[in-house]
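Work through the exercises below with the sequence and the coordinates open beside you. Each task is followed by a solution that proceeds step by step.

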Amino acid sequence: MEETLKIVVLVKHVPDAQFDRHITGANNTTDRDESILSELDEYALEAALQLIEARGGSKAGNQVIALSMGPAGAVNAVKKSLQIGATEGVHLSDDALAGSDAAATSLALAAVIRHLGADAPVDLVLTGMASTDGETSLVPAQLAERLSLPQLTFASSLDVTGGKVVARRDGDTHSDTVEASLPALVSVTDQINEPRYPNFKGILGAKKKKITTLSLADIGVGASEVGTAGSLTVVESAQARPPRTAGTIITDEGDAGIKLVEFLAAQKLL
Amino acid sequence: MTQALVFIDNPGPALKKSSLELLTIARSLGDTAVAFNGELHDDVAAALGAYGATTVYRPSAADLDDYLVAPKAAYLAAAVAASGAGTVLLENSADGKEIAARLGIKLNAGVITDVVGVDADGTAHKSVLAGSYNTTAKATSAVAVLSVKPNSVDPEAAPAPVTPETVTVEVPADAAANAARITARSAKPASGRPDLGEARVVVSGGRGVDGNFGPIEELADALGGAVGASRAATDAGWISHDYQVGQTGKTVSPQLYVSVGISGAIQQKAGMQTSKVIVAINKDAESPIFEIADFGIIGDLFKVVPQATEEIKKRKG
Ligand SMILES: Cc1cc2nc3c(=O)[nH]c(=O)nc-3n(C[C@H](O)[C@H](O)[C@H](O)COP(=O)(O)OP(=O)(O)OC[C@H]3O[C@@H](n4cnc5c(N)ncnc54)[C@H](O)[C@@H]3O)c2cc1C
Ligand SMILES: Nc1ncnc2c1ncn2[C@@H]1O[C@H](COP(=O)(O)O)[C@@H](O)[C@H]1O
């Protein structure tokens with residue numbers, strides 16, 4: 001039997017990309033109506049669930065804590081994670097967090113992870129490869145830096161045995177095997193697994209699972225360290241790109257390939 | 001005093017075009033230095049001088065490549081301190097962004113990724129939400145850390161070449177203390193075609209190619225372009241994941257993007273909709289890709305694509 005694991009999975013509540021997304025909030029922030037659990041965090045949650053299932057699941061003392069930082073609605077990302085299989089949820093919510101950039105976000109999330117490790121240490125922090133709104137991929141590396149954890153990011157495979165984490169990271173020119181001891185931080189790509197959907201039993205069971213709501217005071221972070229006050233970047237302007245409009249559409253009548261080349265020649269693209 | 005520091009990691013025997021772009025941007029901000037890692041070939045040293053780098057910093061340690069990201073960030077932080085630079089420029093790769101991320105924490109510096117332009121006052125331009133907004137952002141800290149996408153500026157050598165001074169930077173003793181170790185590395189085969197992220201022309205195939213990338217490759221070659229793919233095509237194993245364009249693949253912004261047998265899901269569009277000209281070939285008139293195509297062909301790709309390739313060859317004689 002493998003060691004039991006206490007895993008924190010970061011789940012972000014993001015505007016659904018299937019709808020038009022708008023920057024209309026204060027300080028050029030994204031409008032958060034129609035938000036969902038970030039698709040790319042489902043891969044991290046799935047990786048966590050697979051790890052604990054190989055160790056006898058929650059009955060054997062393994063934990064998967066879904067953690068989201070965000071306004072009131074972000075609790076829905078936590079709830080969805082509980083339906084999918086996380087064992088408990090944590091929602092960091094505080095008005096002072098509004099407008100946090102990656103530096104401020106990682107500061108707050110690091111404080112929550114330390115707080116969660118106060119009774120029993122956290123073995124593994126799992127995150128998505130990028131949030132589908134911010135898309136910076138900064139938060140995982142910044143969390144690793146702040147928590148002095150080895151970072152194994154952009155993992156397309158993950159194995160945890162005997163206190164050791166091994167991951168594969170595919171770069172542009174080469175593919176690496178990376179290794180570290182627990183505790184560690186791992187971000188995963190969408191190549192790592194096939195996330196499961198919540199089933200009926202999961203949806204019912206989630207109602208009984210614990211969700212802890214934390215404020216900045218609970219984690220010992222001052223209001224000026226986060227939000228716009230604690231951020232090190234400002235978005236000064238945001239302009240919607242004019243939507244692309246459809247151009248010429250033709251139906252092939254046997255000569256569409258030639259017409260395409262004529263178009264390219266006219267555009268000086270040959 | 002140095003205004004801008006460019007991080008260049010293991011370029012090999014020649015600098016990449018994207019590195020030349022970083023040097024060009026750096027020079028527009030003021031006196032430029034380079035924090036270098038890896039073997040410094042003579043040609044590369046000469047190119048650094050030609051692009052106006054007055055100082056080249058080298059790490060005291062030779063084992064930075066044995067670990068993932070963390071010790072490189074520690075080295076770069078030391079190089080920033082040695083240079084006094086106010087702006088640090090890195091490439092926008094996974095490694096580049098993560099080194100930037102950690103550097104930001106070490107120096108209490110604002111980090112901006114996916115930058116496509118930098119003004120003289122440090123304002124960074126980037127597009128967000130899958131290319132639907134153009135934004136400007138600025139670091140409010142003493143040091144700004146920017147990772148810049150390829151093809152953001154035209155590389156331009158300095159008016160007069162300089163001979164950079166080489167300075168060794170002491171890498172902190174604990175730089176690798178909490179770093180993941182790279183225990184194996186396998187090189188990926190090079191395709192011989194232009195790099196997908198930097199190519200002027202990209203021809204991408206999707207589920208519609210039904211396992212046969214031949215027509216896509218031939219059109220790409222006739223146009224001197226790179227080959228790309230949708231996730232449906234990479235997931236099917238028809239082509240390596242390295243060629244995936246989209247949210248979880250590469251973001252490309254070429255002069256010409258030819259989308260072949262791809263429906264145009266939001267995650268695919270996220271990676272290509274800032275392309276200058278978009279051509280779509282799809283047999284289904286209802287495909288969302290046609291909503292953003294400058295030139296769309298409703299037709300069978302196996303007929304249209306080879307015909308176009310033949311015609312291009314004929315014209316090029
Ligand atoms: C978290 C996440 C991340 C994702 N990331 C990406 C990403 O980075 N990149 C990406 O591309 N997708 C990504 N996807 C997948 C995306 O949602 C779509 O499923 C995918 O892009 C579909 O690929 P496709 O257009 O090739 O296939 P399909 O949607 O099946 O479309 C195939 C098209 O080919 C056409 N066709 C078929 N035969 C022919 C023919 N003979 N001639 C002409 N046309 C033909 C059809 O009409 C159809 O429109 C992601 C999904 C998720 C959930
Ligand atoms: N507010 C947040 N709450 C929870 N997790 C987050 C938050 N922001 C970022 N993350 C995690 O960090 C990953 C990368 O985000 P980003 O750096 O914004 O691209 C996401 O996939 C999440 O796992």
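**Exercise 1. The nonpolar cores**

Task: Find which members of the largest nonpolar core touch the most other members, and which helix gives the most to this core.

Solution. Begin with the criterion: a nonpolar core is a set of buried Ala, Val, Leu, Ile, Met, Phe, Trp, Tyr and Cys residues joined through side-chain atoms within 4.5 Å, where buried means under 20% relative accessible area, exposed over 50% and partly exposed in between, with a 1.4 Å probe and protein chains only. The largest such core holds 75 residues, and I7(A), L124(A) and L126(A) are the ones that touch the most other members. The greatest contribution to this core comes from helix α1 (residues 39–53) of chain A, with 9 residues; helices (H or I, at least four residues) and strands (E, at least two) are DSSP runs, numbered from the N terminus. Next, take I7(A) and list its contacts (heavy atoms within 4.5 Å): leaving out residues up to four places away in sequence, I7(A) touches A48(A), L51(A), I52(A), Q63(A), V64(A), I65(A), L124(A) and L126(A). Finally, a second, separate core of 33 residues has V227(B), A229(B), I239(B) and V258(B) among its members.

Before going on, note that this is a predicted model, in which local features need pLDDT of at least 70 and side-chain atom pairs count only at pLDDT 80 or more, while totals for chains, interfaces and linings use all residues. Residues are numbered from 1 along each chain as its sequence is written, chains are lettered from A and ligands numbered from 1 in the order in which they are written, and side-chain values use heavy atoms, with hydrogens and water left out.

**Exercise 2. The surroundings of ligand 1**

Task: Explain why the site of ligand 1 is shared between chains, and determine which polar contacts the ligand makes.

Solution. First collect the residues near the ligand, that is, those with a heavy atom within 4 Å of it. Because residues from chains A and B surround ligand 1, the site is shared between chains. There are 30 residues around the ligand, of which R207(B), S230(B), Q244(B), S263(B) and N282(B) come nearest. Sorted by class, the shell has 8 nonpolar, 15 polar and 7 charged residues, with Ala, Val, Leu, Ile, Met, Phe, Trp, Tyr, Cys and Pro counted as nonpolar, Asp, Glu, Lys and Arg as charged, and the others, Gly among them, as polar. Among the helices, α1(A) gives the most to the shell, with 3 residues.

Then search for pairs of N or O atoms within 3.5 Å. The side chain of N282(B) places an N or O atom 2.7 Å from an oxygen atom of ligand 1, and a backbone N or O atom of Q247(B) is 3.0 Å from an oxygen atom of the ligand. For L301(B), a backbone N or O atom lies 2.9 Å from a nitrogen atom of ligand 1. The protein covers 82% of the 990 Å² of accessible area that the ligand has on its own, computed by the Shrake-Rupley method with a 1.4 Å probe.

**Exercise 3. Backbone details**

Task: Locate the cis peptide bond between L182(A) and P183(A), and decide whether S137(A) is buried or exposed.

Solution. The bond joining L182(A) to P183(A) is cis, with omega about -5°, and P183(A) sits in the loop between β9 (174–181) and β10 (184–188) of chain A. S137(A), a residue other than glycine, has a positive phi near 60°; S137(A) belongs to the loop between β6 (124–128) and α4 (139–147) of chain A and, at 7% relative accessibility, counts as buried. D114(B) also has a positive phi near 60°, but D114(B) is found in strand β5 (residues 110–118) of chain B, and with a relative accessible area of 13% D114(B) is buried.

Notes. Polar contact = N/O pair within 3.5 Å; in protein donor to acceptor, adjacent residues only side chain to side chain.
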